[in-house]
Amino acid sequence: MKTPESVSLEVLADHPVVQYPAVTSTEFKRDRTPDRTPSGRPVPEGPAGNTFPEMLALVAMGRGVLPVGEQTCRYHPRPDLAYVPIHDAPPILRGPVWLASNTTAWVREFVRAAVDANEPLGD
């Protein structure tokens, strides 16, 4: 079977979606693994992984699909997986996360530098 150039979010209703671990926030899960497609079709839950590499292994074993960010194919290349863009999905945004109790001047400076590095370039 030929891998499509892209798919719609609607295809999630046709396959079990691998789930993030129970400790993952509800907001994060809702963003990455929705319960319904945009048209309202239910999305079947697949098995849950304990780690991201385990989740990718579940996909490789044919246990389900997993919507991931565009950069995942660069950071987790696997010859047994096909990374297919979802043309009608909003982009997955990422950012640094740390414990509030570990906030230091160094952490604040790192976050400032990361924000500055991602500002749009002027014309």
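Reader: Is Glu109 buried, exposed or partly exposed?
Author: This is a predicted model, so the value is computed from predicted atoms. Buried needs under 20% relative accessible area and exposed needs over 50%. Glu109 has 40% relative accessibility. That lies in between, so Glu109 counts as partly exposed.

Reader: Which residue meets Glu109 in a salt bridge?
Author: Side chains of opposite charge can pair when their charged atoms come close. Here the N to O distance is 2.5 Å. The partner, with a relative accessible area of 40%, is partly exposed too. The side chain that meets Glu109 is that of Arg112.

Reader: About how many helical turns separate Glu109 and Arg112?
Author: Both residues sit in helix H4, which covers residues 105–117. They are 3 residues apart there, so the separation is about one helical turn.

Reader: Which residue forms a salt bridge with Arg112 at 2.2 Å?
Author: This partner is also in helix H4, 4 residues from Arg112, so about one helical turn separates the two. The partner has 36% relative accessibility and counts as partly exposed. The 2.2 Å is the distance between the closest N and O atoms. The residue is Asp116.

Reader: Which residues are joined into one network by salt bridges that share partners?
Author: The salt bridges of this network share partners. That sharing joins three residues into one network. They are Glu10, Asp14 and Arg41.

Reader: How far apart are the closest N and O atoms of Arg41 and Asp14?
Author: Arg41 is partly exposed, with a relative accessible area of 32%. Asp14 counts as partly exposed as well, at 47%. The two form a salt bridge, and their closest N and O atoms are apart by 2.5 Å.

Reader: How many residues apart are Arg41 and Asp14?
Author: The salt bridge between Arg41 and Asp14 has its closest atoms 2.5 Å apart. The pair links distant parts of the chain. Arg41 lies in the loop between helix H1 (26–32) and strand E2 (45–48), and Asp14 lies in the segment before E1. Their spacing in residues is 27.

Reader: How many salt bridges does a search of the whole structure find?
Author: The chain has 12 positive and 15 negative side chains. The centres of the two sets lie 5 Å apart. Among the salt bridges is the one between Arg41 and Asp14. The number found in the whole structure is 5.

Reader: Which pattern does the chain follow along the sequence?
Author: The secondary structure comes to 4 helices and 2 strands. Read along the sequence, these elements give the pattern β-α-β-α-α-α.

Reader: Which helix gives the most to the largest nonpolar core?
Author: In soluble globular proteins, nonpolar side chains tend to be buried together. The largest nonpolar core here has 7 residues: Val18, Tyr20, Met55, Leu56, Leu58, Leu66 and Leu81. One helix, covering residues 52–60, gives 3 of them. That is helix H2.

Reader: Is Gln19 buried or exposed?
Author: Gln19 is in strand E1, residues 17–19. Beyond its neighbours within four places in sequence, Gln19 is in contact with residues including Thr33, Glu45, Pro47 and Met55. Its relative accessible area is 13%. Buried means under 20%, so Gln19 is buried.

Reader: What is the C-alpha separation of Pro67 and Val18?
Author: Pro67 is in the loop between H2 and helix H3 (72–75). At 9% relative accessibility, Pro67 counts as buried. Pro67 touches Leu12, Val17, Tyr20, Arg32 and Ile86, leaving out residues up to four places away in sequence. Pro67 and Val18 are 49 residues apart along the chain, yet their C-alpha atoms are separated by 8.8 Å.

Reader: How far apart in space are Lys2 and Pro44?
Author: Lys2 is in the segment before E1. Its relative accessible area is 74%, so Lys2 is exposed. Lys2 and Pro44 are 42 residues apart in sequence. In space, C-alpha to C-alpha, they are apart by 24 Å.

Reader: What share of the 123 residues in the chain is buried?
Author: The C-alpha trace spans about 50 × 40 × 35 Å along its principal axes. The accessible surface comes to about 9,000 Å², with 58% of it belonging to carbon and sulfur atoms. Of the 123 residues, the buried share is 23%.

Technical notes: Residues numbered from 1 in each chain as written. Predicted model: local features only at pLDDT ≥ 70, side-chain atom pairs only at ≥ 80, totals over all residues. Heavy atoms only, no water. Buried < 20%, exposed > 50% of the residue type's maximum accessible area, 1.4 Å probe, protein only. Areas by Shrake-Rupley, 256 points an atom, 1.4 Å probe, with all protein chains shown as cover. Lys, Arg positive; Asp, Glu negative; His and termini not counted. Charge placed at Lys NZ, Arg CZ, Asp CG, Glu CD. Contact = heavy atoms within 4.5 Å. Salt bridge = Lys/Arg side-chain N within 4 Å of Asp/Glu carboxyl O. Core = buried A, V, L, I, M, F, W, Y, C linked by side-chain atoms within 4.5 Å.
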